[in-house]
Amino acid sequence: MGFLDAIPNKHSLQDSSSFLNTTTVIALCLFFALLCACIVIGHLLEEHRWANESITALLLGLCAGVVVLLVSKGRSSKILAFNEDLFFLYLLPPIIFNAGFQVKKKQFFKNFSIILMFGVFGTIISFCLISAGAFLLFKKIGITTLNIEDYLAVGAILSATDSVCTLQVLNQEETPFLYSVVFGEGVVNDATSIVLYNAVQSLDLSNIDALMALKLLGTFLYLFFTSTILGVVAGLLSAYIIKTLYFGRHSTDREVALMMIMAYLSYMLAELLSLSGILTVFFCGIVMSHYTWHNVTESSRITTKHAFATISFIAETFIFLYVGMDALDIDKWRSSKASAGTSVSVSSAFLALVLIGRAAFVFSLSNILNFFKSAESTKVEFRQQFIIWWAGLMRGAVTIALSYSEFSDSETTSTQDSALMITSTIIVVLFSTVVFGSITKPLIGAVLLRHAKPTVSDATDIASLEDLRLLFLENGDPSDGGNNQPSPKASNLRLLMRYPTSTAHYFWRKFDDKYMRPMFGGRGFVPYVPGSPTGAQDETS
């Protein structure tokens with residue numbers, strides 16, 4: 001009470017507006033009430049064929065936006081304003097970090113080549129097709145104030161997918177290949193889209209020459225690899241500090257807090273250095289789950305898993321509510337001054353480009369991958385290609401945030417066209433999430449059920465680590481000590497060519513056990529201290 005007594009003019013809420021803003025309090029109360037409603041409704045609709053929590057949150061946000069507009073008699077309200085800083089700095093990091101922290105690393109890296117193929121090269125193909133399509137179509141519609149940078153930005157904006165609806169339908173145990181590819185490609189896709197967007201913003205496109213494409217590619221590769229390296233370094237640093245100092249001897253709170261803060265610090269450092277925070281915090285999460293998680297006490301392991309998942313869930317639900325309410329920002333709709341026909345034309349063009357851009361790389365890259373695979377069981381079937389294509393049709397908060405970042409304060413594009421780009425993007429996000437998302441569950445259920453093969457897993461049939469050990473021993477791997485085969489290196493090379501992913505995994509595990517885990521900790525290498533971790537099994541490996 002002493003703190004409140006020290007505040008002047010404390011007798012009325014209006015007088016204390018310098019301390020507590022009434023509008024902010026109302027907005028927060030509204031959002032927290034809606035969050036509670038989303039959780040309850042999501043639980044009640046758990047078994048429903050079409051509904052999922054993302055659609056429920058989006059529709060609740062739309063309903064709340066309608067109520068706010070009616071209460072304010074059609075006037076604009078700050079409650080409906082979309083803030084890119086809130087999204088990128090506070091809501092997105094815990095979602096991406098938890099994705100890396102909870103990912104099934106064995107499945108993720110087992111299908112890493114496919115994930116990279118779709119998430120990086122596929123996104124670049126989609127980016128090129130959408131940018132070129134927008135350039136050709138918009139002038140026919142009557143939009144003439146966009147420049148080259150705007151068209152490239154549109155390509156990056158619409159290339160960012162949101163596979164939440166599909167991931168809520170797929171079962172990680174029943175369809176491990178599909179789940180890992182859709183999940184991994186979704187994360188890499190978002191990171192690639194943002195990296196492409198930042199690369200476009202950093203280049204001078206006023207004088208386009210033959211080297212511009214190479215400069216764009218070079219900028220992209222620099223951002224991609226430096227962001228990944230920063231995330232790995234941050235994760236290793238946290239593992240080394242916690243292993244060396246072992247905070248759990250005195251306080252489990254400190255080690256949990258250090259994990260959270262260092263994960264968030266990696267994201268902020270990436271943003272400070274103009275890198276991709278998504279890639280950084282994602283790989284930081286993977287490294288922390290592989291090393292740091294095993295260096296904390298047993299109770300901290302349980303705490304971190306549930307805490308990270310809960311924070312991610314709340315942030316994800318908050319984002320969909322935010323998008324739903326912001327869709328009714330009346331100022332943007334008034335500023336566009338576009339007729340219904342123009343708005344529908346632009347939104348339809350956006351949606352068509354998304355469909356074509358997605359199909360262009362999913363089916364083509366899948367067939368290219370299949371061409372180089374000899375065994376039928378390792379090929380990506382058409383039904384799997386269809387589900388991967390469908391999973392990437394939804395657009396979400398990343399798309400809207402990038403759209404606001406590009407067009408909300410554009411100095412070169414007219415206010416009307418900028419507002420039209422934002423409102424059309426909102427229409428695409430709403431339509432794809434609600435319409436496509438609502439039929440995702442029955443559609444995928446029908447596709448998988450109709451082609452169900454109970455005795456065959458959908459995971460790619462790649463040699464296990466034990467099989468590779470036997471093959472190495474049979475072919476004279478130096479580690480067996482007594483076999484004098486003349487050409488072990490040739491055998492190793494043949495295995496690498498035949499099973500590239502599993503062979504790389506085999507060598508990585510040997511290197512990890514011999515050099516990395518003794519230094520950074522992890523399962524099996526943490527010295528015993530009373531109350532310390534006791535070597536629990538790695539559930540995410």
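Let's start with Ser343. Ser343 sits in helix H15, which covers residues 340-371. This is a predicted model, so keep that in mind throughout. Is Ser343 buried or exposed? Its relative accessible area is 11%. The cut-off for buried is under 20%, so Ser343 counts as buried. What does Ser343 touch, once we leave aside neighbours within four places in sequence? Three residues: Leu420, Ser424 and Ile427.

Next, Leu60. Leu60 belongs to helix H3, residues 53-71. Leu60 has a relative accessible area of 18%. That is under 20%, so Leu60 is buried too. Which residues contact Leu60, again without neighbours within four places in sequence? The list is Leu34, Ala37, Cys38, Ile41 and Leu321. Take Ala37 from that list. Leu60 and Ala37 are 23 residues apart in sequence. In space, their C-alpha atoms are 8.4 Å apart.

Now the nonpolar core. How many residues does the largest nonpolar core have? It has 128. Three residues have the most contacts inside this core: Phe138, Phe282 and Met421. Which helix gives the core its largest share? That is helix H9, residues 176-202, with 15 residues.

Look at Phe138 in particular. Leave aside its neighbours within four places in sequence. Phe138 then contacts Ile143, Leu146 and Tyr151. Phe138 also contacts Val346, Ala349, Phe350 and Met421. So two of the residues named for core contacts, Phe138 and Met421, touch each other.

There is another core, apart from the largest one. This other core has 6 residues. Among them are Ala239, Val287, Met516 and Phe520.

Last topic: a helix pair. Two packed helices are described by the angle between their axes and the distance between the axes. Our pair is H4, residues 84-102, and H17, residues 397-407. Their angle is about 135 degrees. Their axes are 9 Å apart. That angle makes H4 oblique to H17. The crossing of the two helices is left-handed.

Which residues make the contact? From H4, we have Glu84, Phe87 and Phe88. From H17, we have Ala397, Val398, Ala401, Leu402, Tyr404 and Ser405. How do the residues of this contact divide by type? There are 7 nonpolar, 1 polar and 1 charged.

To recap. Ser343 is buried in the model, and Leu60 is buried as well. The largest nonpolar core has 128 residues. H4 and H17 pack at about 135 degrees, with a left-handed crossing.

Conventions. Residues numbered from 1 in each chain as written. Predicted model: local features only at pLDDT ≥ 70, side-chain atom pairs only at ≥ 80, totals over all residues. Heavy atoms only, no water. Core = buried A, V, L, I, M, F, W, Y, C linked by side-chain atoms within 4.5 Å. Buried < 20%, exposed > 50% of the residue type's maximum accessible area, 1.4 Å probe, protein only. Helix = DSSP H or I, 4+ residues; strand = E, 2+ residues; numbered from the N terminus. Contact = heavy atoms within 4.5 Å. Axes fitted to C-alpha atoms, helices over the stretch in contact; angles between N-to-C directions. Parallel < 35°, antiparallel > 145°, perpendicular 65-115°, else oblique. Left-handed = near helix turned anticlockwise from the far one by under 90°. Nonpolar A, V, L, I, M, F, W, Y, C, P; charged D, E, K, R; others polar.
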